[in-house]
Amino acid sequence: MTPAEQAAATFRAVHGTAPAGVWSAPGRVNLIGEHTDYNDGFVLPFALPHRLAAAASSREDGILTVSTLGDDGQLQRSAPLEIASLAPGAVEGWAAYPAGVAWVLREQGFGRGADVVIAGDVPSGAGLSSSHALECAVSLALLGLTGIELDAPAAGAPGRYEVARWVQRAENDFVGAPTGLLDQTASLCCTASNVLFLDVRSGEMEQVPFGLAEAGVRVLIMDTRTKHSHADGGYGERRRGTERAAELLGVKALRDVTPAGLPGALAALPAELAPLVRHVVTENQRVLDVVALLRAGRLAEIGPHLDASHTSMRDDYRTSTPELDLAVDSARAAGALGARMTGGGFGGSAIALVPAADVDRIGAAVEDAFAGAGRRKPRLFTAVPSRGAGRDSF
Ligand code: GAF
């Protein structure tokens, strides 16, 4: 069953009728460009084939109910939420994500009651953006129930990037996770076969072809199955550090520090902030370098930039973990062309660019390394760039 079929079937089981529609949104990996989004910089994600689907029907009483079918097959049901009374801090736990979306859409004039049932296959807590897939699918469902489809926009309807900004507001102000724009934009704006080159400052986007098969390579995703959450302190602390550094340097955001200006900036900063700035400035440049290689059809040559990105996150930004380092190091030792942690860090997943013929061998070497180190078996899979969020037939 597809996620859409599963969500529709679960909706029927819970509510006794077919849903009015099903909308779904993918998880993502970020190829490169980490912790650059909230510094007005560049990111380069692609959408996973894994999706969360929201089956939904309108309610006339202004109430939102949400049920989710978890990875473990268990159905969790939120308490009924009155949309008119939603306010930051009013809802806790997983239900805060869909409630935050209902809250932000109410603020935009789309405050309608609904029954929503979520199902799908984006691994949760793996740093692959399952929470944003959920938020984006629910946004599309609640908009869709008011007659607005992003793929066939009516006059005055929001664009995908605008919806991404609303989802960011839900996440920042309602859920309380101080995340940037990478994940929602990836889930809403990525397209099949491409990576999305996004300039967060201007909102400009380019779909850059990412022909893995033609280049004879694959992206191996290595979920370390270790904890990851951006509502926790480390992410916010890094973010505040970069904002403080920008303030001290007298720039709007670290995007304004160029590689040529980096030595001067580093000399002017306190020792604890300098490595954060070095990461952001060099990472922005690595995104530009990777995009240049991809535009030139040289995908198989991007590996050293992935490696440098990981080193920078491990040593300067300090968002890696022993498990992420183990995944990256063991994949490289077995012949990966490049590897790095992906997403916010503090657990979650790493990616490796591997020759197509070596996927199984490199995956087995990573598993052996985890077993040898007494770690939990990682979840490994390959993924191709897939379509962004949209309405499904079911
Ligand atoms: C998380 C956040 F949600 C993103 O906004 C981004 O900052 C990322 O960490 C790091 O690049 O996924």
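Good morning. Pro26 has its place in strand β1, residues 21-30. A word on terms: helices (H or I, at least four residues) and strands (E, at least two) are DSSP runs, numbered from the N terminus. Residues are numbered from 1 along each chain as its sequence is written. The structure is a predicted model, in which local features need pLDDT of at least 70 and side-chain atom pairs count only at pLDDT 80 or more, while totals for chains, interfaces and linings use all residues.

Is Pro26 buried or exposed? Pro26 is buried, because 31 other C-beta atoms lie within 10 Å. The term "buried" requires 20 or more other C-beta atoms within 10 Å of the residue's own; exposed means 12 or fewer, partly exposed is in between, and C-beta atoms are placed from the backbone. Beyond its neighbours within four places in sequence, Pro26 is in contact with Ala47, Leu48, His50, Arg51, Ala133, Ser187, Ser386, Gly388 and Ala389. Contact here means that the C-beta atoms of two residues, placed from the backbone, lie within 7 Å. Val354 is 328 residues from Pro26 along the chain, and the C-alpha atoms of the two are separated by 23 Å.

I turn to the helices. Among the contacts of Pro26 are Ala133 and Ser187, and these two residues also belong to the contact between helices α3 and α5. How do these helices pack? Helix α3 and helix α5 (residues 182-189) have their axes 9 Å apart and meet at an angle of about 55 degrees. The axes are lines fitted to C-alpha atoms, for helices over the stretch in contact, and angles run from 0 to 180 degrees between N-to-C directions. The two helices, α3 and α5, are therefore oblique to each other. Angles under 35 degrees count as roughly parallel, over 145 as roughly antiparallel, 65 to 115 as roughly perpendicular, and the rest as oblique. Their crossing is right-handed, a term used if the near helix is turned clockwise from the far one by less than a right angle, with anticlockwise giving left-handed. On the α3 side the contact is made by His132, Ala133, Glu135 and Cys136, and on the α5 side by Asp183, Gln184, Ser187 and Leu188. By class, these are three nonpolar, three polar and two charged residues. Ala, Val, Leu, Ile, Met, Phe, Trp, Tyr, Cys and Pro count as nonpolar, Asp, Glu, Lys and Arg as charged, and the others, Gly among them, as polar.

Helix α3 (residues 130-145) also packs with helix α2 (residues 96-107), at an angle of about 40 degrees and with axes 9 Å apart. This pair, α2 and α3, is therefore oblique as well, and α2 passes α3 in a right-handed crossing. Helix α2 contributes Tyr97, Pro98, Val101, Ala102 and Leu105, while α3 contributes Ser131, Leu134, Glu135, Val138, Ser139, Leu142 and Leu143. This contact divides into nine nonpolar, two polar and one charged.

Just ahead of this helix, in the loop between β7 (113-120) and α3, is Ser129. Most residues other than glycine have a negative phi. Ser129, however, has a positive phi, near 75 degrees. Ser129 counts as buried because it has 32 C-beta neighbours inside 10 Å.

Next, the sheets. In which order do the four strands of one open sheet stand? The order is β11-β12-β10-β13, with antiparallel pairing. Strands β11 (338-341) and β13 (379-382) are at the edges with a single partner strand each, so one side of each is left without a neighbour in the sheet. From one strand to the next, the twist averages 20 degrees. Two strands pair if DSSP finds at least two bridges between them. Strands β10 (residues 217-223) and β12 (residues 349-355) are joined by seven bridges, and Val217 has Pro355 as its bridge partner in β12. Helix α10 (residues 303-317) packs on the sheet and touches β11 and β12. Helix α12 (residues 359-372) packs on the sheet too, touching β10, β12 and β13. Strand β12 is mostly covered, with six of its seven residues buried.

Strands β11 and β12 pair over four bridges, and Arg340 stands opposite Ile351. In the loop between these two strands lies Phe346, which has a positive phi of about 60 degrees although it is not a glycine.

Finally, a second open sheet has three strands in the order β2-β8-β9, also antiparallel. Its edge strands are β2 (42-43) and β9 (205-209), each pairing on one side only. Five bridges join β8 (residues 194-199) to β9, and Asn194 stands opposite Pro209. Thank you.
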